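User: Please take a close look at one acidic residue in this model and at the part of the fold that holds it. I would like a connected account rather than a list.

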Amino acid sequence: MSDLRDLYQEVILDHNRRPRNFGPLAGANHSAAGFNPLCGDQLTLHLKVVDGVIEDVRFEGAGCAISTASASLMTEALKGKSEEEAQALFEGVHALLTTGHGTDSAVPLGKLEVLSGVREFPVRVKCATLAWHTLQAALHDENRPVSTE
Ligand code: ZN
């Protein structure tokens with residue numbers, strides 16, 4: 001377990017310091033904004049979906065290390081995935097963060113497994129799920145901003 005904790009801290013710090021896929025996305029055809037009032041995290045997610053496949057994804061915004069790292073890890077995991085696979089990843093991460101176990105999904109969580117470390121800090125779980133709820137809104141073209149509250 002301490003190995004996982006070390007890995008968790010290392011990955012979170014790395015992705016917070018150097019967020020992957022950060023910035024505007026030219027040609028985006030789905031976007032959504034999310035806000036976590038508990039912590040003040042906010043992010044906007046941009047997706048370019050072509051024939052049901054996420055060709056590109058980027059995010060903008062400002063938040064704590066966990067929200068930024070979770071969004072960064074998510075964008076890495078989503079590229080090249082179908083909308084169904086993205087949904088499976090969402091469900092897997094949601095299960096991981098709420099129960100500590102992934103689902104028996106056909107889509108392996110891979111590096112996203114480190115997010116399970118957030119469970120040791122229950123108040124931060126919403127920081128980690130913000131990007132994922134925003135993804136849901138973007139894929140379903142919900143125009144209302146997402147709030148974790
Ligand atoms: Zn936060």
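Analyst: What follows is an account of Asp 41, its contacts and the sheet to which its strand belongs. The model is a predicted one, and the values below are computed from it.

Asp 41 is found in strand S2, which covers residues 41-50. The residue is buried and yet has no salt bridge, since the nearest side chain of opposite charge, that of Arg 124, is 5.9 Å away, whereas a salt bridge is counted within 4 Å. What the side chain of Asp 41 does reach is the backbone nitrogen of Cys 64, at 2.9 Å. Leaving aside residues up to four places away in sequence, Asp 41 touches Gly 34, Phe 35 and Asn 36, then Ala 62, Gly 63, Cys 64 and Ser 67, and also Cys 127 and Leu 130.

Some of these contacts can be placed in the surrounding elements. Strand S1 comprises residues 30-36 and pairs with S2 in the antiparallel sense over 7 bridges; within this part of the fold, Ala 33 has Thr 44 of S2 as its bridge partner. The open sheet has 4 strands in the order S3-S2-S1-S4, with mixed pairing, and its edge strands are S3 (53-62) and S4 (146-147), each of which pairs on one side only. Helix H2, formed by residues 65-78, lies across S2 and S3 and runs at about 165° to S3.

Another acidic residue, Glu 85, lies in helix H3 (residues 83-99) and is partly exposed, with a relative accessible area of 31%. Its C-alpha atom is separated by 21 Å from that of Thr 44.

Note on methods:
Residues numbered from 1 in each chain as written. Predicted model: local features only at pLDDT ≥ 70, side-chain atom pairs only at ≥ 80, totals over all residues. Heavy atoms only, no water. Helix = DSSP H or I, 4+ residues; strand = E, 2+ residues; numbered from the N terminus. Buried < 20%, exposed > 50% of the residue type's maximum accessible area, 1.4 Å probe, protein only. Lys, Arg positive; Asp, Glu negative; His and termini not counted. Polar contact = N/O pair within 3.5 Å; in protein donor to acceptor, adjacent residues only side chain to side chain. Contact = heavy atoms within 4.5 Å. Pairing = 2+ DSSP bridges. Axes fitted to C-alpha atoms, helices over the stretch in contact; angles between N-to-C directions.
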